[in-house]
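This briefing covers a pocket, a pair of cysteines and one glutamate. Keep the structure in view while reading.

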Amino acid sequence: MDNFHLPSTYQNIVFFTGAGMSAESGVPTYRGRGGIWKDYRWEEYACESAFKENPELVLDFHELRRIEALKCKPHSGHFIIKDIQDKFPNSTIITQNIDGMHQRCGSHNVIELHGSLWRMRCESEGAIYEDYDRGKYSSRYCDCGNFRRPDIIWFGDMLNENIIQKANLAISACDLFISIGTSALVWPAAGYPQVAKKRGAFCIEINPEDTELSSLYDLKIRTKASLGLKNLFNTNWI
Ligand code: NAD
């Protein structure tokens, strides 16, 4: 890794990020050590049937996630990606995270595969309500009187077709694919490195640990997100 020099010929960069990207900011993971699903059963808090049965309980839970996320700040790795995006305007972030950390450091072109903690939607009208940087929801109700639900892909939900299309487009046009902090076990995200590889993109994985897809990558950087990005782009952020 020390001798690797990233050629500047790459123009269409895709940063593909997962829970490990936010872990350094202190956002708890879902599974694993300290994971949220150790303390809460997702069946009671993160699926449509739980929301139908007890919307207030589910909304309390998501408010708590927002309050916890607001205590965390983007780390140097998020800022490095933002800087690279400024230099390469065609670059895209495809994230499985719902915490909005990339946007909080000024990144643009962020495709959120699993939705956002900071958005709600009305299921009967489809209205979207954005509520950035507030712990408590500004309102739990749509103007039509129904509950707003978090605009997040819960267990058992279908992914949003438009979002998937956008992600597919970005990947099919990319010449450099950098995966950071994801085990990529969750579909369709699990297929993205393969698509990028087939398309001929140079593929890099930044993760302290091997993943099931590691053999696909041209370069594996076995360290945490911030340090891996710093080394890759020769920056002085940290
Ligand atoms: P995952 O938990 O399956 O994998 C996390 C990966 O990050 C692991 O491979 C781990 O080795 C790596 N990792 C841990 N610390 C790291 C660090 N400092 N730097 C780089 N890598 C590190 O996560 P996933 O692949 O994103 O899938 C989990 C699912 O849970 C996703 O669907 C996601 O939507 C959701 N989720 C989101 C958040 C969030 O919004 N912050 C948090 C937890 C889970």
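How much space lies in the second largest pocket? About 350 Å³ of space lies in the second largest pocket. The model is predicted, and the points below are grouped by topic.

**The second largest pocket**

- Strand E3 (110–112), strand E4 (115–122) and helix H7 (161–172) are the elements that each give two or more residues to the lining of this pocket.
- The lining is made up of 19 residues. Those nearest the centre of the pocket are Glu112, Arg119, Asp151, Asn160 and Ile163.
- By type, the lining residues divide into nine nonpolar, six charged and four polar.

**The cysteines**

- Cysteine 122 is buried, because its relative accessibility is 1% and buried means under 20%.
- Cysteine 142 also counts as buried, at 5% relative accessibility.
- Why do cysteine 122 and cysteine 142 not form a bond? The sulfur of cysteine 122 has its closest cysteine sulfur in cysteine 142, at 3.6 Å. A disulfide needs the two sulfur atoms to be within 2.5 Å, so this pair is too far apart for a bond.
- Seen from the other side, the closest cysteine sulfur to that of cysteine 142 is the one in cysteine 122.
- The count of disulfides comes to zero.

**Glutamate 48**

- Glutamate 48 is located in helix H3, which covers residues 48–53.
- Is glutamate 48 buried or exposed? Glutamate 48 has a relative accessible area of 18%, and the cut-off for buried is under 20%, so glutamate 48 is buried.
- Apart from neighbours within four places in sequence, glutamate 48 is in contact with Glu123, Arg149, Trp154 and Asp157.

Notes
Residues are numbered from 1 along each chain as its sequence is written. This is a predicted model: local features need pLDDT of at least 70, side-chain atom pairs count only at pLDDT 80 or more; totals for chains, interfaces and linings use all residues. Side-chain values use heavy atoms; hydrogens and water are left out. Helices (H or I, at least four residues) and strands (E, at least two) are DSSP runs, numbered from the N terminus. Buried means under 20% relative accessible area, exposed over 50%, partly exposed in between (1.4 Å probe, protein chains only). Contact means heavy atoms within 4.5 Å. On a 1 Å grid over the protein atoms alone, a cavity is a set of points where a 1.4 Å probe fits but cannot get out, and a pocket is an open set with protein on both sides within 12 Å along at least five of seven lines; lining residues have an atom within 4 Å of a point. Grid points are joined across faces, edges and corners, and a volume is the space filled by probe spheres set on the points. Ala, Val, Leu, Ile, Met, Phe, Trp, Tyr, Cys and Pro count as nonpolar, Asp, Glu, Lys and Arg as charged, and the others, Gly among them, as polar.
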